[in-house]
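Reader: I'd like a close look at one loop residue and what it touches, please. Once that's clear, could you fit it into the rest of the model?

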Amino acid sequence: MRIEQHPILGPLNNETVTFTFNGDVYEGRKGESIAAALLANEIRTLRYTAQKNEPRGIYCGIGHCYECRVMIGTKRSVRACITEVVEGMKIQSQGG
Amino acid sequence: MRMDVAIIGSGPAGINAAITLAKKQKSVVVIDEQGKVGGKLIGQLHEDPKDGWWIGKQIAEQMKREAEQVGVIFLLQREVWAIEPGWSIKMSGHEDITASYVIVATGAQENPTPVPGWTLPGTLAIGAAQVLNNYERVRPGKRIAIIGVDPLAFTVAQELKLAGADIVGIYLPPEGLFATEKAKPQSTIGYLSTMAHLAPNPWLRLAGSMAKHHFIQKMGSRFYPKAGMKVFGVPLRLRHSIISIEGTDQVEAITTVKLSSEGKAVKNSEESIVVDAVCISGGLVPLVELASSCKTVYIEELGGYVPLHSPEMKTSKKNLYVCGNITGVEGAKVAMEQGKLAALSIVYKMTGDEQLREEVRSQKEEVNRIRAEATITFMPEIMSGRKKMEQMWNEYVHESRDTHDIR
Amino acid sequence: MDCVICRCEEVLLSDIVRAIEDGYTSHREIKLKTRAGMGICQGRTCRLLLDQVIASVSQGPVPKTIGIAPNVPIRPIMLGDLAKGGGKAK
């Protein structure tokens, strides 16, 4: 999913960071959002809803809809679309 | 922290306002909810017929550097939850900021178009897809369908294709109460034809000229090829709509239906097409929530509710100014010039300097000049929308002359 | 066609239409009855859609006034911020 080469934008920055999502270890690129890092690892489903247990992922991309909310450590409802992934980050799906 | 001016929003309008103010020796802070400076500018990528490639990410970085060099303070990842008269800017988890003047430059949000299945992961607002693709450099999918026929959909389709994605088509939204005219082939062709002279990218030019063609217009959608027309390799399906998005844990397919020339679904014409991502483009709406203490007016040509404002960008609230897409949906270049205009208006108000009056006057002309030669127009009747706003402002000033302080 | 309108509270179009048919016709009433617009995003995504549903079901024009007006605070905030009035200005 990563666009390593781009006809206009050139090659991609390849500085990496390591993070975990629901306990599994993944690699992201420095400076990218949590949502981008997970999508690059083919992860689209970030959580399941409280009432109907439906899968949800990033939708609006500007921090408005909160669909992409995740837990970072013990902090709830962090928006994956506008929060940068950093080295050692522990990301978890949150119920609801 | 006490400042001359606080600006909410670090998009092209907000940063340019900040640069202008700082160059005039005013203390200025720019507050943004996001961690990155540039707002929606960061995802933009298109070929400008005059200036070559417009790479939003680079422009945003340059503007940020320039702003910091002239002393602009950026406060990022701060959510403003209220702006109280005085002005006191309330932010979650942080101390208030007080400022003599406020500029609200919060831009626009996307108008959602609900489709059955649109909550499935892999379905994205088109703006989210744009930022992922061009800024983050992560492709939203390998095989992508786009819902909604408008300038942003065309632009992003081209950008996704540049990044190597396969676009199965640009489709009309499902017929229903959320998309009435936008779900009809005939009115979509009419809408496209108004864009023929605008050229944000070769796509729109081609689609526009195609729609403008006398024969197609006259015959309406009847003779629009059912298979769609390919525009630079992407099928533009004006006779098909997407009626649902399917999948278990994420997007796996779309179901499309054929449309009659009147826009009615043809019975038993459902078709399932495998995709792994869907982008929904429902148009942009000015984001007025932080300026809701100002008098707002509904002007369809500008995109909906906008704060009532003067041609110099002042609102009905004393010392509160607006610029950029909150005043009406337009391209980044117009937003930048509006930002500069709002900043100059404030400096004139602060100093009363006659030379500033002249700078404000010439900057108003500059906004109009950039608007007239814009290569991206989202609202086809933007000019008449701007005229309406000016009339409404004049009426408001006239009516409230005796009762309110509207300086 | 049925689909989710309020993503936060998982409210369907059919839930809202039923509420309107049962006589809950204003934004406020629909919000209280169905919880549409009462979730974490505070109606930022569905506000415009509710306007359209009400207009369509009541067969009137889309209201020319802001329906569910954005309430202060316009972002979810910590109670501590409200308690201290957002902190003292420095």
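Author: Contact here means heavy atoms within 4.5 Å. With that in hand, start at Glu301(B): setting aside neighbours within four places in sequence, it is in contact with Met379(B), Glu381(B), Ile382(B), Ser384(B), Gly385(B) and Lys388(B). Before going on, some housekeeping: this is a predicted model, in which local features need pLDDT of at least 70 and side-chain atom pairs count only at pLDDT 80 or more, while totals for chains, interfaces and linings use all residues. Residues are numbered from 1 along each chain as its sequence is written, chains are lettered from A and ligands numbered from 1 in the order in which they are written, and side-chain values use heavy atoms, with hydrogens and water left out.

Back to Glu301(B). It sits in the loop between strand S19 (296-299) and strand S20 (304-307) of chain B; helices (H or I, at least four residues) and strands (E, at least two) are DSSP runs, numbered from the N terminus. Loop or not, Glu301(B) counts as buried because its relative accessible area is 18% (buried is under 20%, exposed over 50%, partly exposed in between, with a 1.4 Å probe and protein chains only). One of its contacts, Lys388(B), is also a polar partner: the two side chains meet at 2.7 Å. A polar contact is a pair of N or O atoms within 3.5 Å; within protein, one must be able to donate a hydrogen and the other to accept it, and residues adjacent in sequence count only if both atoms are side-chain atoms.

Now zoom out to the chain around it. Chain B has 10 helices and 21 strands, and 63% of its 407 residues are buried. Take the contacts in chain B between residues at least 6 apart in sequence: 63% of them join residues at least 24 apart. The chain exposes about 15,400 Å², with carbon and sulfur atoms supplying 50% of that (areas come from the Shrake-Rupley method with a 1.4 Å probe; for residues, only the protein chains shown count as cover).

One helix of chain B is worth a stop. H8(B) has 20 residues and runs 29 Å from its first C-alpha to its last, close to the 28 Å expected at 1.5 Å a residue (the expected span is 1.5 Å times one less than the number of residues). It is mostly covered, with 14 of its 20 residues buried. Thr351(B) belongs to this helix, which covers residues 332-351, and is partly exposed because its relative accessible area is 42%. Its side chain reaches the backbone oxygen of Val347(B) at 2.7 Å, and beyond residues up to four places away it touches Lys26(B) and Leu356(B). Just after H8(B) comes Gly352(B), with a positive phi of about 70 degrees.

A couple of backbone oddities are worth checking too. Most residues other than glycine have a negative phi, and most peptide bonds are trans. Gln25(B) has a positive phi near 65 degrees; it lies in the loop between helix H1 (12-23) and strand S2 (28-32) of chain B and counts as exposed because its relative accessibility is 66%. The peptide bond from Gly86(B) to Trp87(B) is cis, with omega near -5 degrees, and Trp87(B) sits in the loop between strand S6 (80-84) and strand S7 (88-91) of chain B.

Chain B also has company. Against it, 38 residues of chain A are in contact with 40 residues of chain B, burying about 3,300 Å², 55% of it from carbon and sulfur atoms (buried area is the accessible area, 1.4 Å probe, that two parts lose on being put together, summed over both). Ile3(A), Arg44(A) and Tyr59(A) supply 23% of what chain A buries there, more than any other three residues.

On chain C, look at Gln52(C) in helix H3 (residues 47-57). Its relative accessible area of 17% is why it counts as buried, and apart from neighbours within four places it is in contact with Asn111(B), Leu177(B) and Phe178(B). Go easier on chain C as a whole: its mean pLDDT is 78, and 64% of its residues reach 70 or more (pLDDT is the predictor's confidence in each residue, from 0 to 100). Over residues 86-90 of chain C the pLDDT is below 50, though this stretch has 16 contacts in the model beyond near neighbours in sequence. Where pLDDT is low, the predicted coordinates should not be read in detail.
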